[in-house]
Amino acid sequence: MIYRLIVLIIKELIQFFRDKGLLLFVLYLFTGDLYIAARGIDLTLKNAKFYVIDEDMSYLSRELISKFQKPTFEFMGYLSGLKTAERYMFEDKCVGIITIPKDFEKKILSKSDNYVGIIVNGTESSSSYLFAGYAANIISKFSLEKSFHINVKKLPIVNLQQKVLYNQNMDSHIFMTITELFSVITLLILILPASAIIKEKENGNIEMMLVSPVKISEFMIAKVIAMNVIIVLGVIISTILIIKGLLKIPFQGSFILFTLLTTLYVFTSSGISMFIASVANNMLQVSQITIMLLLPILYLSGSWAPVESMPYIFQKLTYLSPLKYYLEGSFSIILKGLDFTYVYKYFLGTFLLGVPVFVFGAYFLKRKI
Amino acid sequence: MNIKKISTIYKKEIKELKRDKISRIMVFMMPIMIMFVFGYGMALDVEKIPFVILDEDNSYLSRELTYSFIQNSRYYKFIGTVKSQNEGIELIDKGESRMLLVIPSNFEKRLKSNLPVDIQIFEDGIFPYRASVSISYSTIIANNFNLNLITKHSQNSVITDIRTRYWFNEDMRQKNVTASGVLLIALFIGPAIVSSLLVVKEKEYGSIYNIYTSSIRKTEFILGKQLFVMSIFIINYFILYLMTIFLFDVPFKGSFLLFTFSSILYLLVSTSLGILISTFVKTQVTAVVGSAIICIIPAILYSGYITPVSSMANEAYFIAHIFPNYYYFNLIKMCYLKGLSLSEYIKNMTILAIFYIILISLSIFRFRKYE
């Protein structure tokens with residue numbers, strides 16, 4: 001029986017490698033896709049383009065603008081008035097505009113009340129808020145410094161020193177690459193086994209199996225195992241080639257531990273795929289159900305928005321996303337470098353949620369066919 | 001071109017959908033689901049960050065500072081105090097806390113003797129966006145604390161008043177952008193997947209041979225299929241539009257008619273892309289995986305939905321411009337938030353139309369009526 005299973009698994013693998021188009025897409029997902037995700041996006045404020053309307057044009061006003069430096073900000077030039085500013089904002093040419101009123105220098109030096117305006121493009125969701133916050137901070141530091149004629153460092157005030165753990169430079173691409181890898185794994189684990197099974201259904205091969213000595217459950221298990229092997233192999237390849245090799249993301253913890261957690265996650269989550277296969281009758285249905293399940297799993301894992309900022313009900317629902325345990329566990333291993341004594345709870349979470357999912361998926365599938 | 005032949009293909013697909021109970025529900029459920037998850041989920045406001053305090057000074061002033069952190073319950077959630085730095089960092093390791101605030105033992109003494117003092121925050125850097133927002137909150141709290149100290153100190157203190165205004169989104173409701181932006185994602189991924197499946201399905205079943213031997217021309221075949229997907233997703237467009245207005249309270253400043261035109265054009269682009277993909281692949285699973293890959297990345301990452309296109313680095317800036325999503329997102333922002341500018345509207349519409357012409361001609365060119 002074991003022998004038969006192995007033969008079936010090998011048959012599935014050969015079949016998978018024969019479909020050149022699919023093979024190409026899967027390879028791309030584990031390599032090029034991660035690279036593009038890493039390059040494309042940075043949720044922290046980077047190169048935020050801004051213009052200045054400076055009605056003062058004094059030494060101090062120019063000095064203030066010089067404090068807005070790269071890589072956070074990018075100064076694009078001076079504008080003559082609000083009219084052009086409005087057009088530039090409309091065309092999304094900048095994230096914000098700083099306005100400095102007349103007599104700015106005079107008022108600072110004579111210690112009378114003054115103001116600086118920040119106009120933010122409210123349609124750039126994540127950057128708008130950060131732009132306003134960072135700019136306000138620079139301006140208030142500057143005005144403190146100038147109105148007391150001394151270095152701020154010597155005033156009796158509190159200086160905030162920050163230290164960012166696990167990722168000193170707050171490189172977004174580390175986070176983006178790894179979460180993209182998790183999304184890729186989850187997409188494939190939902191769709192590959194299900195589509196392999198549906199294909200047999202659609203082609204009518206299931207009827208053929210009924211008259212052969214191979215049990216249908218063996219046949220299904222072989223498919224699921226074969227797809228799991230492909231995904232785990234893909235993860236190993238992309239971790240070595242892309243994450244460690246090309247993007248040079250520091251891998252603090254044990255690679256074996258990460259592979260183990262990945263295998264556990266992949267195997268247990270394939271239960272969801274079996275469930276999809278039991279419900280669906282054709283590929284159109286598989287694709288729709290996959291996306292319907294994929295999005296909540298991704299969202300509830302906390303890979304888009306931090307769990308603690310979600311609405312209360314969603315926070316509780318996050319415990320139902322198997323990806324949550326895998327994601328937190330993997331981050332602890334990869335970036336924090338924690339060992340098994342710390343991450344065992346993520347293994348336990350993946351296991352406890354995954355096993356019922358797997359059993360139910362297998363049960364439904366067996367009953368349906 | 002024969003309208004009758006196109007409508008035959010169209011009717012055939014409608015009949016098939018009527019027979020397929022699950023798909024019939026799913027094609028309408030999927031965009032609604034995307035709207036729910038992204039509309040509620042893409043909360044980019046970082047709030048309620050759990051943090052702990054290590055106060056080595058435990059003086060009047062240090063308590064005043066820690067109190068201003070604890071009081072800020074919208075952004076921070078105070079979990080407790082710790083006795084040592086290691087204990088605090090271990091809590092971050094375990095994922096129970098995201099920040100540790102350390103106040104040194106000479107805090108009050110230094111301030112009272114007119115010297116500056118350093119306080120330190122340790123941030124969990126796993127999620128860099130959360131860390132950077134948290135740092136900016138802390139900076140604001142520390143700045144306010146400093147302002148209070150100084151105003152107590154000197155008589156003629158100056159405060160530079162910072163007047164911040166948010167244009168196009170006066171209350172800075174991120175939902176206005178994230179919810180209306182869902183149209184960008186839902187009207188791209190869904191249509192592309194469904195239309196890519198429609199053609200490949202016939203290839204995989206072998207029923208495509210009926211098409212090969214029939215008198216129907218390939219243009220008629222492709223347009224019939226496209227028309228079918230379009231009619232499903234135009235209904236979806238109306239549902240999603242109503243959801244943004246009534247469920248998410250997004251203001252709408254443009255013209256509904258013009259916005260509907262631009263959405264139909266966008267749907268033409270995404271369905272043509274799906275058909276083009278289907279001419280390259282042989283199996284349905286490849287079509288689904290392929291169109292998901294090709295659509296998700298540009299729609300979410302390179303459209304300006306999450307980060308502004310203007311601040312992307314060269315390479316990414318270029319990529320953003322060669323996908324249609326960026327232009328449709330411009331139209332969305334214009335119609336919902338910014339108000340209509342006719343010249344900008346025409347510019348973005350023309351670019352979308354060019355995308356459509358290129359994609360549909362490529363698919364007609366690529367589609368072979370023989371093998």
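A polar contact here is a pair of N or O atoms within 3.5 Å, where one must be able to donate a hydrogen and the other to accept it. With that in hand, look at Asp54(A) in this predicted model: its side chain makes such a contact with the side chain of Ser61(A), at 2.7 Å. The rest of this briefing stays with that aspartate, then turns to the empty spaces.

**Asp54(A) and its surroundings**
- You'll find Asp54(A) in strand E1 of chain A, which covers residues 48–54.
- Asp54(A) is buried but has no salt bridge; Arg62(A), the nearest side chain of opposite charge, sits 5.8 Å away.
- A polar atom of the Asp54(A) side chain also lies 2.9 Å from the backbone nitrogen of Asp56(A).
- Leaving aside residues up to four places away in sequence, Asp54(A) touches Ser61(A), Arg62(A), Tyr78(A) and Ile100(A).

**The largest pocket**
- This pocket holds about 1,100 Å³ of space, and 41 residues line it.
- Nearest its centre are Asn137(A), Ile138(A), Lys141(A), Gln162(A) and Thr139(B).
- Both chains chip in: helix H7 (125–147) and strand E5 (158–165) of chain A, plus helix H6 (128–153) of chain B, each give at least two lining residues.

**Cavities**
- There are two cavities of 30 Å³ or more, and the largest has a volume of about 540 Å³.
- That largest cavity is lined by 30 residues, with Glu180(A), Ser183(A), Trp304(A), Ile296(B) and Ile300(B) closest to its centre.
- Helices H8 and H12 of chain A and helices H2, H8 and H12 of chain B each supply at least two residues of its lining.
- H8(A) gives the largest share of that lining, seven residues.

Terms used:
Residues numbered from 1 in each chain as written. Chains lettered and ligands numbered in written order. Predicted model: local features only at pLDDT ≥ 70, side-chain atom pairs only at ≥ 80, totals over all residues. Heavy atoms only, no water. Helix = DSSP H or I, 4+ residues; strand = E, 2+ residues; numbered from the N terminus. Buried < 20%, exposed > 50% of the residue type's maximum accessible area, 1.4 Å probe, protein only. Lys, Arg positive; Asp, Glu negative; His and termini not counted. Salt bridge = Lys/Arg side-chain N within 4 Å of Asp/Glu carboxyl O. Contact = heavy atoms within 4.5 Å. 1 Å grid on protein atoms, 1.4 Å probe; cavity = no way out; pocket = protein on both sides within 12 Å on 5 of 7 lines; lining within 4 Å. Points joined across faces, edges and corners; volume = space filled by probe spheres on them.
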